[in-house]
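Q: Please take a close look at a single part of this model. Start with one side chain and work outward to its partners and its surroundings.

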Amino acid sequence: MDPVGQDINLNSPNKGLGPTGGVDSLTGVSMEGGATGVAAVNTLPPGLTEEEAEELYSELGKVEEEINTLRQVLLAKERHSADLKRKLGLSPLNELKQNLTKGWQDVQTSNAYKKTSETLSVAGQKTTAAFSTMGTALSRKLGDMRNSPTFKSFEDKVGNIKYMVVGPRGNGEAVQSPTETTNPVQDNAPF
């Protein structure tokens with residue numbers, strides 16, 4: 001049914017009917033013929049008299065007319081709302097942004113969010129402290145290892161392997177062990 005040119009006055013006897021008469025949107029039967037035309041087409045259900053059926057069809061026609069009228073009124077209201085929003089500069093994207101912002105603010109002010117945030121903050125502080133303590137202990141342990149006889153022996157072995165690979169220097173000097181305390185020679189090895 002075309003909403004243009006239809007009477008949408010709820011008190012009008014022609015409500016929902018266009019300029020050429022109306023057709024029931026659900027049954028497709030002309031409303032001009034009244035309920036008798038509909039009753040003649042359909043067979044009566046058992047237990048209903050013709051008079052009761054006519055009354056029910058008449059009521060059904062009125063309800064369907066009201067439904068169509070309400071649809072048209074709703075459509076007109078939606079158009080008017082969209083026009084007002086357009087004039088106010090409210091686009092669907094802006095409305096979505098506002099809804100998301102309000103939702104995020106609601107989440108941030110909720111008790112559950114505050115408790116979770118506090119818990120994560122405390123956990124982060126404790127984790128940072130634990131890593132700091134572990135790093136300090138590891139540094140101290142490595143420093144102790146460097147001064148141990150095992151580590152010095154390891155450095156001597158690495159120095160000896162380097163001497164075997166690089167050999168004596170071009171000026172005739174040999175590569176010294178890193179743990180020797182004599183004057184160190186500047187290392188110009190290619191690697």
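**A charged helix end and its surroundings**

A: R86 has a relative accessibility of 57%, so it counts as exposed. The cut-off for that class is over 50%. Bear in mind that this is a predicted model.

Take the partner next. R86 forms a salt bridge with D83, and their closest N and O atoms lie 2.4 Å apart. D83 has 25% relative accessibility, so it counts as partly exposed. Why do these two sit about one helical turn apart? Both belong to helix α2, and they are separated by about one turn because they are 3 residues apart. The pair does not stand alone: D83, R86 and K87 are linked in a network of salt bridges. Side chains of opposite charge can pair when their charged atoms come close.

A further contact reaches out of the helix. K85 forms a salt bridge with E95, with 3.4 Å between the closest N and O atoms. This pair links distant parts of the chain, with K85 in helix α2 and E95 in helix α3 (residues 92-109). The two are 10 residues apart. Both partners fall in the middle class of exposure. K85 is partly exposed, with a relative accessible area of 31%. E95 also counts as partly exposed, at 27% relative accessibility.

Between the two helices comes a turn in the backbone angles worth checking. G89 follows just after α2 and takes a positive phi of about 80°.

Now the helix as a whole. Helix α2 covers residues 50-88. It has 39 residues, so at 1.5 Å a residue it should span 57 Å. The C-alpha atoms at its ends are 57 Å apart, and the two values agree. Its buried residues are A53, G61, E64, E65, N68, T69 and Q72. Buried here means under 20% relative accessible area. Two glutamates, E64 and E65, are among them.

Other glutamates of the model lie at the surface. E50, E51, E52, E55 and E59 form a negative surface patch. One of its members, E52, is found in helix α2. E52 has a relative accessible area of 37%, so it is partly exposed.

Helix α3 carries a pair of its own. D106 and K102 meet through their side chains in a salt bridge, at 3.3 Å from N to O. Because they are 4 residues apart in α3, about one helical turn separates them. D106 is partly exposed, at 40% relative accessibility.

Set this in the whole chain. The structure holds 4 salt bridges. The protein has 5 helices and 0 strands. Along the sequence the pattern reads α-α-α-α-α. Of its 191 residues, buried ones make up 13%.

A nonpolar surface feature also deserves mention. I161, Y163, M164 and V165 form a nonpolar patch, with about 440 Å² of accessible area together. I161 is found in helix α5, which covers residues 149-166.

Back to the starting point. R86 is exposed, and its partner D83 is partly exposed. The network takes in K87 too. K85, in the same helix α2, pairs with E95 of α3.

Notes. Residues are numbered from 1 along each chain as its sequence is written. This is a predicted model: local features need pLDDT of at least 70, side-chain atom pairs count only at pLDDT 80 or more; totals for chains, interfaces and linings use all residues. Side-chain values use heavy atoms; hydrogens and water are left out. Patches are made of residues with over 30% relative accessible area and no salt bridge: like charges are joined within 9 Å, nonpolar side chains (Val, Leu, Ile, Met, Phe, Trp, Tyr) within 5 Å. Accessible areas come from the Shrake-Rupley method with a 1.4 Å probe; for residues, only the protein chains shown count as cover. Lys and Arg count as positive and Asp and Glu as negative; His and the chain ends are not counted. The place of a charge is taken as NZ of Lys, CZ of Arg, CG of Asp or CD of Glu. Buried means under 20% relative accessible area, exposed over 50%, partly exposed in between (1.4 Å probe, protein chains only). The expected span of a helix is 1.5 Å times one less than its number of residues.
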